[in-house]
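Trainee: Got a minute? I'd like to walk through this model with you.
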Protein chains: 2
Amino acid sequence: MARVTMADVAREAGVSAMTVSNVLNERLPVNEPTRARVMAAVAALGYEVNLTARHLRAGRTDTVAFIVPSFHDYFGEIADKIAPLIEADGRHLVLERTSASPEYEMAAVSVARLQYYDGVLLSVAGLDRDQLDRMRTPKPIVLLGERDVPDRFNHVRLANEEGARLATAHMIEHGSRRILALGCTFDTAHMMSSDRRAGWERALRDAGLDVDARHVVPVSTYTSAAGRDALLDVIASGLPFDGVFAVTDVIALGAIAALAESGLRVPVDVQLAGFDNLDMARFVPPGLTSVDANHEGVAETAVGLLRRQMAGWTGPAEHVVAPVSLVVRGSTRGGA
Amino acid sequence: MARVTMADVAREAGVSAMTVSNVLNERLPVNEPTRARVMAAVAALGYEVNLTARHLRAGRTDTVAFIVPSFHDYFGEIADKIAPLIEADGRHLVLERTSASPEYEMAAVSVARLQYYDGVLLSVAGLDRDQLDRMRTPKPIVLLGERDVPDRFNHVRLANEEGARLATAHMIEHGSRRILALGCTFDTAHMMSSDRRAGWERALRDAGLDVDARHVVPVSTYTSAAGRDALLDVIASGLPFDGVFAVTDVIALGAIAALAESGLRVPVDVQLAGFDNLDMARFVPPGLTSVDANHEGVAETAVGLLRRQMAGWTGPAEHVVAPVSLVVRGSTRGGA
DNA sequence: TGCCGTCATATTATCGATAAAATACGGCTT
DNA sequence: AAGCCGTATTTTATCGATAATATGACGGCA
C-alpha cells in the first residue's frame, strides 16, 4: 500500500491540498464544516504528514541535535537534562555520537548532516580550534566542553581549574600532603585535563606544598579500567601518596577499585575526590566526594543560548563558564 | 548567503545538474575531464548535498534510530555497542528518547517521525502489546526489551528468568537462605521485573526453600536512590535477610549504599547480585556479581535482524531470547 | 555513403508539502 | 444595480535532488 499523502486526504474531503494544510497547521482560517470534513478524512485514511517534504519546503524540522563523543555516563546524564528543555519548546531532541575521533566529529558537523536540525548542541571532544574555525555553518549552534573554541561560537564550559582547586584544597585541609592528579596531563591540547591539573597545582602552591611531576599520572583513556590500571601501577612503583584527585568520576571509580584491591582504606589511608558528580558518586561506598558540574545549570544555559539563536538573535556569541561546587562525601575526611 | 545547490555547481562546471548528481553518486559513468570539472566546482563552491531533498526523492536517509526510554546507564552502554555496527554499513545512528511514558513513546514511533529513518530499533518500555499492535508502520523495525510484543515484530529480549535463577542459585549455593528480590514485583504487566522474580522464585524452590512474599521488595523507580531507600526500609523493619538479588545493577548500587550505611558487610553478612553487568559492576568494591546481559551479542542480533529487513527480507519475524551468564565477583562468596 | 549501436550528457517529471498570489462568493454600501 | 470588501478556498510555483527517459556525438561496418 502506498503512503497516504495530503492530496489523498484532499480528494477524500473534496477540498484542495492547501486547505488540508491550513487545517492541520492552523495557518489560514478554515470554516468549521470544512475543517470537520478534513479531520474526518485524515482520520479515515490515517494520514500523517511527511516531515521530510515539510522540511524541504518550510525549512524547519523542529528537531535539535546533541552531538556527543559517546552515549555513556556523563553525556547520557547531561542529555537527560537537556531533553525536557528542548521538548518544552515543542521541539524534539536527538543524540548523535562522534566516537571522539576528529574525523567522525567533522562528519557529524558537516553542513550536510546539520541540515536535519534546527539547532545543534555540540560537545566538543576531538576538534581543535582551527578545525572548528573552518566549520562554516549557518545553523544555530552552541558548543559545550572543555576545549578552546573560536570566539564566534556560543560556548558553555565548566570552571575546571576552580573545581580541581576546590577538591584538592579540601583534601589538603583534611591532612593529605601527597596528592596524585590521576588522569591529568601537562599536555595543553587537552584542556580539560590540563586545566584541572592547573587547579590541582594551584591548590598545592596555595598551601605551600611542592608540586611533584611524578604525581601527575596520565591515563590511556578516560575509562574506569584505565584509571584503575594507572593507579595500580603507581602503587606497585612504591611512590608514596595519601590523596587522589581523579579528573573525572569515571576515573575515580577505577581508583576506588585499585585502592580496594590494594588494601588501602578510603578515606583513612587515602582521600579521594572526583569531578562531575555523576549519580553514581552518591552510592559508591563510602560516597565519592566530587566536583559538581551542575549538569542542570549547564543544560539550561546551553539551551538558553541555543533557543535565542533559533529565535533569530544575531548578537555576539557568549562564552559562559559555569560555576562548580564541591560535594563532600565519605571518600574525604570532611564527609560523613 | 544562500545555500549552494546542485544547480549552482552544474552552472559553474558547465554541465547539467544530473551530471553533477552522477559524479557524486557514481550512478552513471561520467568522462574523466567532466568529472574533474565537476569536482573542482564542488570544491570551489563548497557544495554539500541537501540530504532532505535526497530523502524526499530517493526515499533513503542512511540513518537508523535507536529509541530508548532514557539516555542513562544501560541504554547508553547498549547504544555505544550498536553504533559501530550501524556505521559499518555506511549508515548513521541517532538516539531518541521517550521518557518511558507511553505518550512519548507513541509519539516517537508515530509514522511521521519514523519517516526520518531507514530503520528503527525500539527499546520498549511503556507500550503494552495492544498499543504496539496498533502501530502500523512499513519501516523496518526491531523491538528490544523485556515486554511482551505482538508476533509480527522482530524482537530481542534477555533470558530474564534464567538470569535471575542463576544469580539466586549462586547465592544459595554459597550459603544465603533468605534472599530479597529487590525491585521485583508480582505485577505481570512489568515483564522484566516479574520474569526476574519468577527466576528468583524458581531458584528458591529448586533448593527446597520457602518463598516468602515479604522478600519481594518493590521499588518506586528503577534508580539507585529508590533501591537504596527500599532496602533501608527493609533493614529498619527488622526483617532478617542474608542475600539480595537486585533486579538491575543500578538498583544493586543503591543496595550497596544501603548496606554500607547500615554496617552490613558484603559478602560476609549479605551477598548481593545484580543484573545487566554494567561497566560499573567491575569497579564498585568488592565487585558486583551480576547477570551479564551480553550487550554485544544483543546489539549484534538486533542489528542483524534490522539489517535483514532493510535489505528487503519479508519472512516471518523472529523472537530471539538472548542467553545470559553469571559473572561472579566479590559481592558474593564465590568471588575472588 | 548510410545506418546502427554505444557511450556520455541533458531533459523532464516527480517526491509531498507549503508560501504566495489568485479567485470565488456573499454581504453591504450608496 | 453597480461597486467594494473581507473571508474562504484554490491555483501556481517552489524547495533540491534524482529516476526515467531522451538526445547527441561518434565510430564501425556493409
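Mentor: We'll take the ground rules, then the DNA, the chain symmetry and a few strands.

Trainee: What are the ground rules?
Mentor: This is a predicted model, so to speak of local features we need pLDDT of at least 70, side-chain atom pairs count only at pLDDT 80 or more, and totals for chains, interfaces and linings use all residues. Residues are numbered from 1 along each chain as its sequence is written, chains are lettered from A and ligands numbered from 1 in the order in which they are written, and side-chain values use heavy atoms, with hydrogens and water left out.

Trainee: OK, DNA. Which residues come nearest to DNA strand C?
Mentor: M6(A), R27(A), Y47(A), R54(A) and T34(B), out of 23 residues around it. A residue is near a strand if one of its heavy atoms lies within 4 Å of it.

Trainee: What part of DNA strand C is within 4 Å of the protein?
Mentor: Of those atoms, 72% belong to sugar or phosphate. The rest belong to bases.

Trainee: Which polar contacts does strand C have?
Mentor: A polar contact is a pair of N or O atoms within 3.5 Å; within protein, one must be able to donate a hydrogen and the other to accept it, and residues adjacent in sequence count only if both atoms are side-chain atoms. Among them, an N or O atom in the side chain of R27(A) is 2.5 Å from a phosphate oxygen of DNA strand C. N31(B) uses a backbone N or O atom, 2.8 Å from a phosphate oxygen. A53(A) has a backbone N or O atom 3.5 Å from a base nitrogen of the strand.

Trainee: Which element gives the most to the surface near DNA strand C?
Mentor: α4(A), with 4 residues. Helices (H or I, at least four residues) and strands (E, at least two) are DSSP runs, numbered from the N terminus.

Trainee: And how do the residues near strand C split by class?
Mentor: 11 nonpolar, 8 polar and 4 charged. Ala, Val, Leu, Ile, Met, Phe, Trp, Tyr, Cys and Pro count as nonpolar; Asp, Glu, Lys and Arg as charged; the others, Gly among them, as polar.

Trainee: Now DNA strand D. Which residues are closest?
Mentor: T19(A), T34(A), M6(B), R27(B) and Y47(B), with 22 residues surrounding strand D. Of the atoms of DNA strand D within 4 Å of the protein, 68% belong to sugar or phosphate.

Trainee: Where does Y47(B) touch DNA strand D?
Mentor: A polar side-chain atom of Y47(B) lies 2.4 Å from a phosphate oxygen. The side chain of N25(B) has an N or O atom 3.2 Å from a phosphate oxygen of DNA strand D. A53(B) puts a polar backbone atom 3.5 Å from a base nitrogen. The elements giving two or more residues to this surface are α2 and α4 of chain A, together with α2 and α4 of chain B.

Trainee: Changing topic. What rotation superposes chain B on chain A?
Mentor: A rotation of 180°, with 0.0 Å of shift along its axis and an RMSD of 0.1 Å. That is the relation of a two-fold axis. The fit is by least squares on the C-alpha atoms of residues with pLDDT of at least 70 in both copies.

Trainee: Which residue of chain B comes closest to the rotation axis?
Mentor: L95(B), with its C-alpha at 2.4 Å.

Trainee: Next, β9(B). Is the strand buried or exposed?
Mentor: Strand β9 (residues 271–276) of chain B has 6 of its 6 residues buried, so it is largely enclosed by the rest of the structure. Buried means under 20% relative accessible area, exposed over 50%, partly exposed in between (1.4 Å probe, protein chains only).

Trainee: What does β9(B) pair with?
Mentor: Two strands pair if DSSP finds at least two bridges between them. Strand β8 (residues 243–246) of chain B pairs with β9(B) in the parallel sense over 3 bridges. Strand β10 (residues 289–292) of chain B pairs with β9(B), also parallel, over 4 bridges. A273(B) is the bridge partner of F245(B), and A273(B) stands opposite T289(B) in β10(B).

Trainee: What's the strand order of the open sheet in chain B?
Mentor: β7-β6-β8-β9-β10-β12, 6 strands with mixed pairing. The edge strands are β7 (216–217) and β12 (325–327), each pairing on one side only. β10(B) and β12(B) run antiparallel, joined by 3 bridges.

Trainee: Last one, β3(B). Which way do its residues point?
Mentor: G119(B), L121(B) and S123(B) point one way, V120(B) and L122(B) the other, and all are buried.
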